[in-house]
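Visitor: I should like to learn how a helix and its surroundings are read in a structural model. Please guide me through one case.

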Amino acid sequence: MAEKKKWLQNSALLSISAASLLAFLLLWELICRSGAIDPVFLPAPSQVLGRALRMWDQNSLIANIAASGRRVMVGFFAAVVVAIPLGIMLGTSRVARAVLDPILSFLRPLPSMSWIPLTLLWFGITETQKYSIVFMGSVTPALLYVIEATQGIDPILIRAARNLGANRWQVMREVILPGCMPQILSGMKVILGLSWTCVISAELVAAKEGLGFMIMNGKEFFQTDTVVLGMVLISFTVLITDMVFRLIQRSVLSWQQ
Amino acid sequence: MNETRRRVMKQAATLAAAGSMGFPILSRAAGATVINYGGSAWLGHYSAYIAMKTGMMAKQNIDLRWQAFSTSSARMAAVMAGNVDIAGTGVVSALALMASGARQFQLIATPNNFGKAEGLLVRDGVNSINDLKGKKIGVTYASSSHVLLLDILAQAKIDPDKDVAVINLPATELLSAYRANQVDAAVAWTPTFNRIRALPGTKVLLDDSAFSLYKSYKMSPGPDVLLTRTAFAKDNRDAVKGFLIAIFEANAFMTKKPEEAAKMLMELTSLTYEEQLSTIKQTEWFSQADQRALMDNPGDFVVGLQKLSEMLLKLKQIDSVPQVRQWVNATYL
C-alpha cells in the first residue's frame, strides 16, 4: 500500500516535470515563431530538431556524441584512477600533504583551456592531447574532493578501531574507505559534469568531430541551431551518465541503504 | 589664480584619464562621428588602419575606434550585437550570416583583390597536390583557406575525408604545428602565411589563383568586403560615405607610396619591412571608381559572390544560397 502511494507520488511529480518542460518548449517555440527574436540569435526548438534529424541522416550526430563521450570517459577515468588513491593518501598523511599541497595549490586554479598550448607540444595533434586536457581539468578538483572526503571521517571511529586492535591497513579497509566512499562517489558525479566542460576546450584545436567541435563550427557559420543542439546534447548526455552513475552508486553503496 | 590653474589642470588630467580608459564622449574630437571598426592584422584592414593613422578619417570628421578580432565570425557576431558599426571581413562569414537570413548589415564596398597572400604551403619534395595523399594538412576550419583547400582537393579529385587528413587548427596554432612537424602542409593567410613561407625548406604549392572561381571571376575564396550595420548606416549616412572616401584615399596612398605604408603597417602586422612591402605590392588596391563596376548593377564582384555562395553550399559550408544582391548597398559610394 505504502509502495503504491509512493509510486503514485513519483508518477505525479514526473508528470509535473514533463508538463513544465513541454510548456517551456512551447513558449520558446511561440516566441520564436512570433518573430520577436531573430533566429540567428535564438532558433526555435523545431529548427533545432530539424538540424538534429538532418545530422542523424548524415550519421554525424552519433559520431559527434561518441567522439566527445570517448574523450570524456578516458580523461575522467584516468583522473579518477589517479585521484582516489592519491587523495586518500593525502587525506590521511600530513607529511604527504605538506609535500604536495603547494603543487596542488598551483594547479587548482588553472582552467583546462590553459593546458592547450603545452599539451599540443607534448602530445601533438592526437587524441592523447584531447584526453590530457580532460584529465588535467578533472584531476585536481577530483583530488580535492577525495582529500576532503577522507579528512571528513570521524577520528573517534579511527581511534575506536585502533583501540580494538586494528592495524593501519585494517583501519583503511574497514573504516576510512567505507566512510569516505559515499562522498567520493558524489564528488565524482560532479567531476564527470566538469569533464564534459573540459571536452569543449579539448575540441577547440585539431578536432574534426565531437560536441565541442560541433558547437564551435556552428558558431563560425552562425548556425545557431547547431550550437543549441550541441548544448542540448551535452546536457542530455550528462543527464544519462548521471543516471548511470547513480545506479553504480546505489549498487556499490547498497550497505548504506 | 593658482586655484583656477589647479582646477584647469585637474580637469585636463581627468579628461586624459577618461580618454585613456576609453570613455568615448569625453575623449573624442568635438563633432566627429564615432565609428567602431572591427579589424585585425589581415590585409583587408590595411586601408582602414592607414586611413586612421594618417588622419584621413579625421579629415572626414570621423573618430575611428579600432577593435581587433581574431576571426571574422567573432567580428560579425559583434556587428550583429551592435558593438561594431563598420567592419572589414572575409566574405565567408558574411555569406554564412546571409544564408541564415540576417538583415542587420549591408555590404558597401570591396577594398582589394589579393591572390598571393593566402595559399597552400608545403615542404620541399612535395611538387603536386597529389603528393599530399596520405598526409596531414593543417587549416583553420570555416575560413577562406578551408574553402580554398576543399576546392583544390576537389579539382584534383582527392577526397578530403579519406585521401588526406585535414586537421582543424586555429590560425594562431598553424605556425607552431607546422614547425613541429605535426602537419605536413598548411593552408594559411597573411601574416601567418608569410611566417610559414619564411621557414627553411618551405614553399608555396598553390595560392588563391588556383581557386576555381579565381580562374573565371578573379574571385578569391574569401574576398574582403566592407560592411556596415544597417541601423548605424541609417542614422549616419554621411559618416559611412566619409568612411569610404577615406578608405579609397588610403588605397591610393598604398598604391603610390607602398614604402611609407609598409612602415606604418608593421606596427599592426609585426611583419618585416620586406614582407610588409611585398604584401602591399602584390595586392590590387581598388579605387572608388572601380567600385561601381564591382558592386553596382549587378557588379562583377557581386556576381562572383553569388557563385561563391553556390560553391559554399556544394562544399556543405552553408545550408542555403542567399541572394547576395539583396545585401549589397552601393549608394554610399
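Visitor: Which residues of helix α15 (residues 288-295) of chain B are buried?

Guide: A residue counts as buried if 20 or more other C-beta atoms lie within 10 Å of its own, exposed if 12 or fewer, and partly exposed in between, with C-beta atoms placed from the backbone. Helices (H or I, at least four residues) and strands (E, at least two) are DSSP runs, numbered from the N terminus. In α15 of chain B, the buried residues are B:Gln291, B:Leu294 and B:Met295. Seen down the axis of α15(B), these fall within an arc of 75 degrees, so they line one face of the helix; the arc is that of the directions from the helix axis to the C-beta atoms. B:Ala289, B:Arg292 and B:Ala293 are exposed on the other side of α15(B).

Visitor: On what basis should these statements be read?

Guide: This is a predicted model: local features need pLDDT of at least 70, side-chain atom pairs count only at pLDDT 80 or more, and totals for chains, interfaces and linings use all residues. Residues are numbered from 1 along each chain as its sequence is written, while chains are lettered from A and ligands numbered from 1 in the order in which they are written.

Visitor: What covers the buried residues of α15(B)?

Guide: Two residues are in contact if their C-beta atoms, placed from the backbone, lie within 7 Å. The cover includes β4 (105-109) and α16 of chain B. After α15(B) comes B:Asn297, with a positive phi near 50 degrees.

Visitor: How many residues of chain B are in contact with chain A?

Guide: In chain B, 19 residues are in contact with 16 residues of chain A.
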